[in-house]
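User: Please take a close look at one helix in this model. Start with the whole chain, then zoom in.

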Amino acid sequence: MIFDTNVLYQTYNQRADFTTFSFNRTYENVIGIINQFDIYERVTISIPNVVWREMKKQIVDAHNRKLEEQKKHVLKWIFPEYSINENNFSDYATYINEKVDEYKRGLSSDINKVIELQLPTNGRFQRIVERAFKKEAPFGGKDKYFDKGFKDVLL
């Protein structure tokens, strides 16, 4: 079973914990079904390297966006009995990379096998890039103005 980013993505809209990393509930639900039907010996969970990269970027972008929104909101209000301290924290990307690595290590259990699929070989990658530039299927998107589907083809 191969997971795509869109299936595992956290929205980070209503609430978010930027101190940790995890997939959304879909992953846990799928693992639960695999275990419930006792088919874990016949199922290998595959998470492509491109999915990990995309999810790291998504959480870093969401973190930066929400932090800026929060700062703008807080600056509008001044209370004598309340203050907000900002921690001296310089590199969220490095911080979350460590959390993602920690999460990866915890995915495989005694019964569920989880592997990471690597990016295509150089030769195959070059062919994918050529197809993207030529807007060959599945690239092209609406009116062939962009290379929609590039990451999907990497899977």
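Analyst:
**From the whole chain to helix H3**

The chain exposes about 11400 Å², and carbon and sulfur atoms supply 50% of that area. This is a predicted model. The chain has 155 residues, and 26% of them count as buried. It holds 6 helices and 2 strands. Along the sequence, these follow the pattern α-α-β-α-α-β-α-α. Now the contacts: take those with a separation of 6 or more. Residues 24 or more positions apart account for 69% of these.

Next, helix H3. It covers residues 49-74, which makes 26 residues. Does its length fit? At 1.5 Å a residue, helix H3 should span 38 Å. Its end C-alpha atoms are 37 Å apart, so the two values agree.

Which residues of H3 are buried? They are Asn49, Val50, Val51, Trp52, Glu54, Met55, Ile59, Val60, Ala62 and His63.

Pick one of them, Val50. Val50 sits in helix H3. Its relative accessibility is 9%, so Val50 counts as buried; the cut-off is under 20%. Val50 also has a partner far along the sequence: Leu119 is 69 residues away, yet the two C-alpha atoms are 6.9 Å apart in space.

Now step past the helix. Phe79 lies in the loop between H3 and helix H4 (92-107). With 43% relative accessibility, Phe79 counts as partly exposed. Phe79 joins Trp77, Tyr82 and Ile84 in a nonpolar patch on the surface. Together, the four have about 490 Å² of accessible area.

Conventions. Residues are numbered from 1 along each chain as its sequence is written. This is a predicted model: local features need pLDDT of at least 70, side-chain atom pairs count only at pLDDT 80 or more; totals for chains, interfaces and linings use all residues. Side-chain values use heavy atoms; hydrogens and water are left out. Helices (H or I, at least four residues) and strands (E, at least two) are DSSP runs, numbered from the N terminus. The expected span of a helix is 1.5 Å times one less than its number of residues. Buried means under 20% relative accessible area, exposed over 50%, partly exposed in between (1.4 Å probe, protein chains only). Patches are made of residues with over 30% relative accessible area and no salt bridge: like charges are joined within 9 Å, nonpolar side chains (Val, Leu, Ile, Met, Phe, Trp, Tyr) within 5 Å. Accessible areas come from the Shrake-Rupley method with a 1.4 Å probe; for residues, only the protein chains shown count as cover. A salt bridge is a side-chain nitrogen of Lys or Arg within 4 Å of a carboxyl oxygen of Asp or Glu. Contact means heavy atoms within 4.5 Å.
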